Amino acid sequence: MIAATGGEMIAEGRGGGSRMESNVAFIVVEGSINHGGVMPWIADDPRVAVASESAFADIPGWVTSLGADHVVIASRPTSGSVARLAAPTLAGARPEVAVAHRVVPTTSVALAASGLNALESGSDAVAVLGAFDHLTTASASGTWLRSVTRLVDPKPGLGMHVRSLFGRGFVAMTTPAASVGRTLEAPPVGHPLLVGADAGSAEFAAVVALAGTHAVQSVPVLADVKSAHGSPGAEFVALAPVARPAEGTATCPVCASRQNAVTCPYCHVHCRVTEPA
């Protein structure tokens, strides 16, 4: 989380007024890809975008074109240093935009899907960020891999390394708990398993076979799994349910977001609490 204003202090709101509804956008930084620029994850919905580490300088321009007033820059730990640097850089280049960052040990497909789902959970920027935090830690996410001989995180045991020499098909779970095995843990009921693979691919078919009766849906590939984990495969996530956020009792004096926190997670300033009538 990055302070766009520098320090925890009471300040005047951006633009001199208050906003009842925020325009929030997510950028997922992924180090295993090398395409140029910032690109929407879903073609017809630019609110969640994907950026390679080399697209660092393109982020401010994309935010301006989108008209976002709150931005969350998220990444897996392998690209965490870039995400942490991109956030204050964006805040400095676009001081009218409130910026937060998140580095989460999950899959990039989980980050993107969580962002898209969080945007549907509420119109307020802090509620959206809260939903995103819940989804990225509580959802069932992982990667199906043909082999785990080069897998670093989560680290497979010696037995898994030996099995990998003679068989194919492993599941590296990242959330809600890290593990490496041959079976897929039961995803949340009522939520489809989103797989970052083409529906006609062998990787997608492998996840479908493990999912049993659970619904499986193909979504756009985000990470280069072989580059990231040393083996061909596919990222997946089954999103956890999101509860409706409680009514906010405080207002950020900088970005005007309603929330229940003492300090705004975007601006790092103390919020003004609304006294009961």
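Visitor: Which order do the strands of the open sheet of three strands have, and is the pairing parallel or antiparallel?

Guide: Since this is a predicted model, what follows describes computed geometry. One reads a sheet by asking which strand lies beside which, and here the order is β13-β12-β14, with antiparallel pairing in this open sheet of three strands. Strands β12 (residues 250-251) and β14 are joined in the antiparallel sense over two bridges, and within that sheet Ala250 has Val273 of β14 opposite to it.

Visitor: Which strands stand at the edges of that sheet, and why is one side of each left without a neighbour?

Guide: The edges are taken by β13 (258-259) and β14 (272-273), and because each has a single partner strand, one side of each is left without a neighbour in the sheet.

Visitor: What does Val262 touch, once residues up to four places away in sequence are not counted?

Guide: Val262 is located in the loop between β13 and β14, and on that count its contacts are Val269, His270 and Cys271. Its relative accessibility is 61%, so Val262 counts as exposed. As for its position relative to Thr249, the two residues are separated by 13 residues in sequence and by 9.8 Å in space, C-alpha to C-alpha.

Visitor: Turning to β4, how many of its residues are buried?

Guide: Strand β4 is mostly covered, with six of its six residues buried. To read a strand, one also follows the directions of its side chains: His70, Val72 and Ala74 point one way from β4, whereas Val71, Ile73 and Ser75 point the other way, and all are buried.

Visitor: How many bridges join β1 to β4, and how many pair β4 with β5?

Guide: β1 and β4 run parallel and are joined by six bridges, with Ile27 standing opposite Ile73 in β4. The pairing of β4 with β5 is likewise in the parallel sense, over six bridges, and the bridge partner of Ser75 in β5 is Val103. Between these two strands the chain passes from β4 through α2 to β5, in a β-α-β crossover that is right-handed.

Visitor: Which residues of helix α1 are buried, and where do they pack?

Guide: For a helix, one asks how the buried residues are distributed about the axis. In α1 (residues 59-66), the residues Ile59, Pro60, Trp62 and Val63 are buried. Viewed down the axis of α1, its buried residues fall within an arc of 165°, so they line one face of the helix. These buried residues of α1 pack against β1, β2 (38-42), β3, β4 and α2. Just after α1 comes Gly67, which takes a positive phi of about 75°.

Visitor: How many salt bridges does the structure hold, and what does the one between Glu30 and Arg76 tie together?

Guide: There are five salt bridges in the structure. In the one between Glu30 and Arg76, the closest N and O atoms are 2.9 Å apart. Glu30 belongs to strand β1 (residues 24-30) and Arg76 to the loop between β4 (70-75) and α2 (80-93), so the pair ties together parts that are 46 residues apart in sequence. Both Glu30 and Arg76 are buried.

Visitor: What is the accessibility of Arg47 and of Glu120, whose side chains meet in a salt bridge?

Guide: In that salt bridge the distance is 2.7 Å, N to O. Arg47 lies in strand β3 (residues 45-52) and Glu120 in the loop between α3 (108-119) and α4 (125-138), so this pair ties together parts that are 73 residues apart in sequence. With 24% relative accessibility, Arg47 counts as partly exposed, while Glu120, at 57%, counts as exposed.

Visitor: Which parts of the chain does the salt bridge of Asp133 with Arg102 link?

Guide: The closest N and O atoms of Asp133 and Arg102 are 2.7 Å apart. The pair links distant parts of the chain, with Asp133 in helix α4 and Arg102 in strand β5 (residues 98-103), 31 residues apart. Asp133 is partly exposed, with a relative accessible area of 27%, whereas Arg102 is buried, with a relative accessible area of 13%. Beyond single pairs, one can look for shared partners: salt bridges that share them join Asp45, Arg47 and Glu120 into one network.

Key:
Residues are numbered from 1 along each chain as its sequence is written. This is a predicted model: local features need pLDDT of at least 70, side-chain atom pairs count only at pLDDT 80 or more; totals for chains, interfaces and linings use all residues. Side-chain values use heavy atoms; hydrogens and water are left out. A salt bridge is a side-chain nitrogen of Lys or Arg within 4 Å of a carboxyl oxygen of Asp or Glu. Helices (H or I, at least four residues) and strands (E, at least two) are DSSP runs, numbered from the N terminus. Buried means under 20% relative accessible area, exposed over 50%, partly exposed in between (1.4 Å probe, protein chains only). Two strands pair if DSSP finds at least two bridges between them. The arc is that of the directions from the helix axis to the C-beta atoms. Contact means heavy atoms within 4.5 Å. A crossover is right-handed if, with the strands pointing away from the viewer, the path from the first strand over the helix to the second runs clockwise.
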